[in-house]
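Student: I'd like a close look at a single helix and its surroundings. Could you take me through that part in one go?

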Amino acid sequence: MSYTKPLPTLAGHTEDFYGWCKKHELRFQQCTGCGAWRHVPRELCAECGSWDWEWMRSSGRGTVFTWTVAERPLHPAFADAAPYTPIVIAMEEGVRIVSEMVDCPHDQLVIDMPVEVVFDDVTPEITLPKFRRAG
Ligand SMILES: [Zn+2]
């Protein structure tokens with residue numbers, strides 16, 4: 001079955017981020033100047049202004065920060081998926097990431113609920129980080 005939803009454009013640091021996902025590793029940039037983590041990928045540390053950073057592996061653990069239930073798809077590719085639930089996860093490292101839950105209907109979501117990353121190989125090129133309830 002082919003994947004028909006929009007996919008990220010692989011270029012620059014975004015390509016690197018999804019390259020780690022393809023290896024089933026969730027990594028974020030961490031500033032080597034002050035230690036601050038950041039996501040989405042970018043060149044400059046918003047905390048200290050340093051250009052120096054590394055891709056550091058995330059624990060993969062976080063908590064539910066917020067979500068919304070999209071009753072009406074805002075893109076034709078999501079028509080069959082509606083209602084669907086984009087969710088914001090607060091990772092242990094302090095960054096937030098927009099994703100989706102694989103095992104939790106929206107009426108069972110709770111703020112601060114512990115979650116962990118799972119990897120969904122949606123195409124041969126693209127693996128999306130998604131989340132499930134943490135045991
Ligand atoms: Zn910094």
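Student: Which residue just after α1 takes a positive phi, and of about how many degrees?

Tutor: Happy to. It is His24, with a phi of about 60 degrees, and this residue comes just after α1. Please keep in mind that this is a predicted model, with local features needing pLDDT of at least 70 and side-chain atom pairs counting only at pLDDT 80 or more, while totals for chains, interfaces and linings use all residues. Residues are numbered from 1 along each chain as its sequence is written.

Helix α1 spans residues 12-22 (helices are DSSP runs of H or I, at least four residues, and strands runs of E, at least two, numbered from the N terminus). Within α1, Phe17, Tyr18 and Cys21 are buried (20 or more other C-beta atoms within 10 Å of the residue's own; 12 or fewer is exposed, in between partly exposed, with C-beta atoms placed from the backbone). Looking down the helix axis, the buried residues of α1 fall within an arc of 90 degrees (taken from the directions from axis to C-beta atoms), so they line one face. Gly12 and Glu15, on the other side of α1, are exposed.

What does the buried side meet? The buried residues of α1 pack against β7 and β8. The helix lies across these two strands, running at about 60 degrees to β8 (axes are lines fitted to C-alpha atoms, for helices over the stretch in contact, and angles run from 0 to 180 degrees between N-to-C directions).

Both strands belong to an open sheet of five, ordered β6-β5-β4-β7-β8 with antiparallel pairing (pairing takes at least two DSSP bridges). Strands β6 (96-99) and β8 (127-133) are at the edges with a single partner strand each, so one side of each has no neighbour in the sheet. Neighbouring strands here are turned by 45 degrees against each other on average, direction ignored. Further into this sheet, β4 (61-67) and β5 (87-91) pair over five bridges, and Trp67 stands opposite Ile87 of β5.

Phe17, Tyr18 and Cys21 also join the largest nonpolar core, which has 12 residues, among them Ile87, Ile89, Val115, Val117 and Phe131 (a core is a set of buried Ala, Val, Leu, Ile, Met, Phe, Trp, Tyr and Cys joined through C-beta atoms within 7 Å). Two or more core residues come from each of α1, β5 and β7. Neighbours within four places in sequence aside, Val115 is in contact with residues including Val64, Ile89 and Phe131 (backbone-placed C-beta atoms within 7 Å).
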